[in-house]
Structures are given as structure tokens and as C-alpha cells.
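Student: I've got a structure I'd like to talk through with you. Can we go residue by residue first and then step back to the whole chain?
Tutor: Sure, put it up and fire away.

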Amino acid sequence: WDQAGEAVSPDGRYLTFTSGGDPKTKADLWILPLFGERKPIPFLRTEFVEASGTFSPDSRWIVYQSDETGRSEIYARLLDGSGGKIQVSTNGGRRPIWKADPRRLYFSSIDRKLQVAYVNAGATSLTVDSVRALFDYESRGIVPNTLEDVSSDGKLFLATITESKRTSAPIT
């Protein structure tokens, strides 16, 4: 893979994208300002895979997945790069989504469950109050790691469903 666009900040000023192919840094997370010179800026360039960057509702934070622990986990870090990273997931994580509710951050766990992390994100600090599973993908007929979007009220989810695998009632 060369480059894959991921998210536009809610204020419309930045785009995150993943760029891969470098044998030393694998996949890296970049920021593209959508103003001025529009020159890409590396956000994370490490020997690990960083991907799926998305923004907090106030555009101050970026959440992303990284395999620096040996498995994919979800982290948050300030857009300006100050401060360190904060680990959000507790049992692996992929494909974070942070919508209009600044307290709820969604992601897929490695055990095929949709997780919600309840967070407090301030101007310079972020704390994770709790993380809990909402439902497992398999019993709902959802193809793992296909969560694409969550409505701003957290009541609707967009994902790929395999109708023949559903074993319980639809999600409402």
C-alpha cells in the first residue's frame, strides 16, 4: 500500500492518511493540512505500524492504532504532537471512531467485539474512565473489522453484515 486517506478533522483543517512501503518504518501516520502550502507532515514514523488515524470532535486529538506492543492497540495523542501517547484499549484494538459525543470513542477489539471507551479529553490531557464491550460481531452477523461509522448519538452503526451468519436479533 502506498497511501490511504482516513479522516478529515471536524474543523475541516486536516486530513490523516497512512503511508506504507518503507521497510524500516512499515506504515506511518501523516497529517495533511488543508490550508496554506498543503504539505504533508509526519505524525508518527516509527518501526511499528500506525494506521486508522481519526480526530476527536474538537479536532485537538488524534486516535489511531499501533502494533508497538506486539498487537494492535488504540492510542490517543494531541494533534500538535505535544505530550505523550495515551493507551485507550485494554485488550487490543483496531479502527477507532470518535464522533460528536466527545466522551465516547468506539473501536473493534481483537476478540471481535465492538468496544466503547468513555473518555475525558481536555485541551492537554485525556483520561480513560472505562472501556466496555457493546456486542460481539459474530452473533450479529457483522464481518470483523468492518465498522465504518457510528452515528453522532451512538445508536446506529455502519458495518458489513453477512446475513447468513446472524444468530441473534438485529441490533436496534
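Student: Is Q115 buried or exposed?
Tutor: Let's set the scale: buried means under 20% relative accessible area, exposed over 50%, and partly exposed in between, with a 1.4 Å probe and protein chains only. Q115 has a relative accessible area of 11%. With that cut-off, Q115 is buried.

Student: What kind of model is this, and how are residues numbered?
Tutor: It's a predicted model, where local features need pLDDT of at least 70 and side-chain atom pairs count only at pLDDT 80 or more, while totals for chains, interfaces and linings use all residues. Side-chain values use heavy atoms, with hydrogens and water left out, and residues are numbered from 1 along each chain as its sequence is written.

Student: Which strand holds Q115, and which residues does it span?
Tutor: Strands here are DSSP runs of E with at least two residues, helices are runs of H or I with at least four, and both are numbered from the N terminus. Q115 sits in one of those strands. That one is β11, residues 113–121.

Student: Which residues does Q115 touch, leaving out those up to four places away in sequence?
Tutor: A contact here means heavy atoms within 4.5 Å. With residues up to four places away set aside, the list for Q115 includes V131, R132 and A133. In full, Q115 touches L105, Y106, F107, S109, V131, R132 and A133.

Student: One of those is F107; is F107 buried or exposed?
Tutor: F107 lies in strand β10. Its relative accessible area is 1%. So F107 is buried.

Student: How many bridges join β11 to β12?
Tutor: Two strands pair if DSSP finds at least two bridges between them. β12 covers residues 126–136 and runs antiparallel to β11, and a hairpin of four residues connects the two. The number of bridges is nine.

Student: What is the bridge partner of L114?
Tutor: Look across to β12, the strand that runs antiparallel to β11. There, L114 is bridged to F135.

Student: How many residues lie between β9 and β10 in their hairpin?
Tutor: β9 and β10 run antiparallel and are joined by three bridges. One of the bridge pairs matches R94 with S108 in β10. The hairpin between the two strands has five residues.

Student: Where is R94, and what is its relative accessible area?
Tutor: R94 is in strand β9, residues 94–98. In space, R94 and T146 are 10.0 Å apart, C-alpha to C-alpha, with their positions 52 residues apart in sequence. R94 is partly exposed, and the value is 28%.

Student: What is phi of R95?
Tutor: R95 is also found in β9 and is partly exposed at 26% relative accessible area. Its phi is positive although R95 is not a glycine. The value is about 50°.

Student: And what is phi of R112?
Tutor: R112 is in the loop between β10 (104–108) and β11. At 44% relative accessibility, R112 counts as partly exposed. R112 is another residue other than glycine with a positive phi, near 65°.

Student: Which strands stand at the edges of the open sheet of four?
Tutor: The order in that sheet is β5-β6-β7-β8, with antiparallel pairing. Four bridges join β5 to β6 (residues 61–66), with E50 opposite S66. The edge strands each have a single partner, so one side of each is left without a neighbour in the sheet: they are β5 (50–55) and β8 (86–87).

Student: Stepping back, how many helices and strands does the chain have?
Tutor: Reading along the sequence, the pattern is β after β to the end. The count is zero helices and 14 strands.

Student: Why is the chain called as compact as a globular protein of that length?
Tutor: The radius of gyration is taken over C-alpha atoms, and the globule rule is 2.2 Å times the number of residues to the power 0.38. For 172 residues the rule gives 16 Å, and the chain is close to that, so it is as compact as a globular protein of that length. The radius of gyration of the chain is 16 Å.

Student: What percentage of the 172 residues is buried?
Tutor: Use the cut-off we set for Q115, under 20% relative accessible area. Over the 172 residues of the chain, buried ones make up 40%.
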